[in-house]
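Here is a short tour for anyone meeting this structure for the first time. Have a look at the picture, and then we'll go through it piece by piece.

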Amino acid sequence: GTAPEVSVDPTISVTVNAEGQLEVEFTGTLQVAPSVNGPWTNLDVTSPVIWQTTDPQQFGRAVVE
């Protein structure tokens, strides 16, 4: 027989670490955009990612491609 297909839902969580930075943990591919409506751009990064609170505002999501 053949193995059943397994789909993994993407996950994303954001926490503030002890240094006051945003720590983004995700599964799948992390995408960012300047607005909630996009345009979305893939980031070639691995989880977790650290963002500074002084960085420009951006929206993030995790997707499975």
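## The lay of the land

First things first: what you see is a predicted model. The protein chain has 65 residues, and 20% of them count as buried. There are zero helices here and six strands. Walk along the sequence and you get the pattern β-β-β-β-β-β.

How much of the contact list comes from residues 24 or more positions apart? Taking the contacts with a separation of 6 or more, such pairs account for 46%.

## The hairpin made by E1 and E2

Let's start with strand E1 (11–16) and strand E2 (22–27). E1 and E2 run antiparallel and are joined by six bridges. One pair to look for is Val-14 with its bridge partner in E2, Val-24.

Together E1 and E2 form a hairpin, with five residues between them. In the turn sits Gly-20, whose phi is positive at about 85°.

## The three-strand sheet

Next comes an open sheet of three strands, in the order E4-E3-E6, with antiparallel pairing. Its edge strands are E4 (41–42) and E6 (59–63), each of which pairs on one side only.

E3 and E6 are held together by five bridges. Along this pairing, Leu-30 stands opposite Ala-62, and Ala-33 stands opposite Phe-59. E3 and E4 pair over two bridges, again in the antiparallel sense. Here Val-32 has Thr-41 of E4 as its bridge partner.

## Zooming in on E3

Is E3 mostly covered or mostly open? It is mostly covered, with four of its five residues buried. Gln-31 is a good one to follow, and its place is in this strand. Gln-31 has a relative accessible area of 8%, and the cut-off for buried is under 20%, so it counts as buried.

Which residues does Gln-31 touch, not counting those up to four places away in sequence? Its contacts are Trp-40, Thr-41, Asn-42, Phe-59, Gly-60, Arg-61, Val-63 and Glu-65. Ala-62 is 31 residues away from Gln-31 in sequence, yet the two are 6.1 Å apart in space, C-alpha to C-alpha.

## The nonpolar core

The largest nonpolar core has seven residues in all: Val-24, Phe-26, Leu-30, Val-32, Val-49, Trp-51 and Ala-62. Strands E2 (22–27), E3 (29–33) and E5 (49–51) each supply at least two of its residues. As background, nonpolar side chains in soluble globular proteins tend to be buried together.

Ala-62 deserves a second look as a member of this core. Leaving aside its neighbours within four places in sequence, Ala-62 is in contact with Pro-10, Thr-11, Ile-12, Phe-26, Thr-27 and Thr-29.

## Strand E5 and Ile-50

Over in strand E5 you'll find Ile-50. Is this residue buried, exposed or partly exposed? Its relative accessible area is 38%, which lies between the cut-offs of 20% and 50%, so Ile-50 is partly exposed.

Ile-50 touches Asn-17, Gln-21, Leu-22 and Glu-23, not counting residues up to four places away in sequence. Take Glu-23: it is 27 residues from Ile-50 in sequence, and 4.7 Å from it in space, C-alpha to C-alpha.

## The largest pocket

About 170 Å³ of space lies in the largest pocket. Its lining is made of Ile-12, Val-14, Leu-22, Val-24, Trp-51, Gln-52, Thr-53, Asp-55, Pro-56, Gln-57, Gln-58 and Gly-60. E1 and E2 each supply at least two of these lining residues.

What is the lining like by class? It has six nonpolar, five polar and one charged residues. Some names come back here: Val-24 and Trp-51 are part of the pocket lining, and they are also listed in the largest nonpolar core.

## Two cis bonds

Finally, check the loops. The peptide bond from Gly-38 to Pro-39 is cis, with omega near 5°, and Pro-39 has its place in the loop between E3 and E4. Ser-47 and Pro-48 are also joined by a cis peptide bond, with omega at about 0°. Look for Pro-48 in the loop between E4 and E5.

Technical notes
Residues are numbered from 1 along each chain as its sequence is written. This is a predicted model: local features need pLDDT of at least 70, side-chain atom pairs count only at pLDDT 80 or more; totals for chains, interfaces and linings use all residues. Side-chain values use heavy atoms; hydrogens and water are left out. A nonpolar core is a set of buried Ala, Val, Leu, Ile, Met, Phe, Trp, Tyr and Cys residues joined through side-chain atoms within 4.5 Å. Buried means under 20% relative accessible area, exposed over 50%, partly exposed in between (1.4 Å probe, protein chains only). Contact means heavy atoms within 4.5 Å. Two strands pair if DSSP finds at least two bridges between them. On a 1 Å grid over the protein atoms alone, a cavity is a set of points where a 1.4 Å probe fits but cannot get out, and a pocket is an open set with protein on both sides within 12 Å along at least five of seven lines; lining residues have an atom within 4 Å of a point. Grid points are joined across faces, edges and corners, and a volume is the space filled by probe spheres set on the points. Ala, Val, Leu, Ile, Met, Phe, Trp, Tyr, Cys and Pro count as nonpolar, Asp, Glu, Lys and Arg as charged, and the others, Gly among them, as polar.
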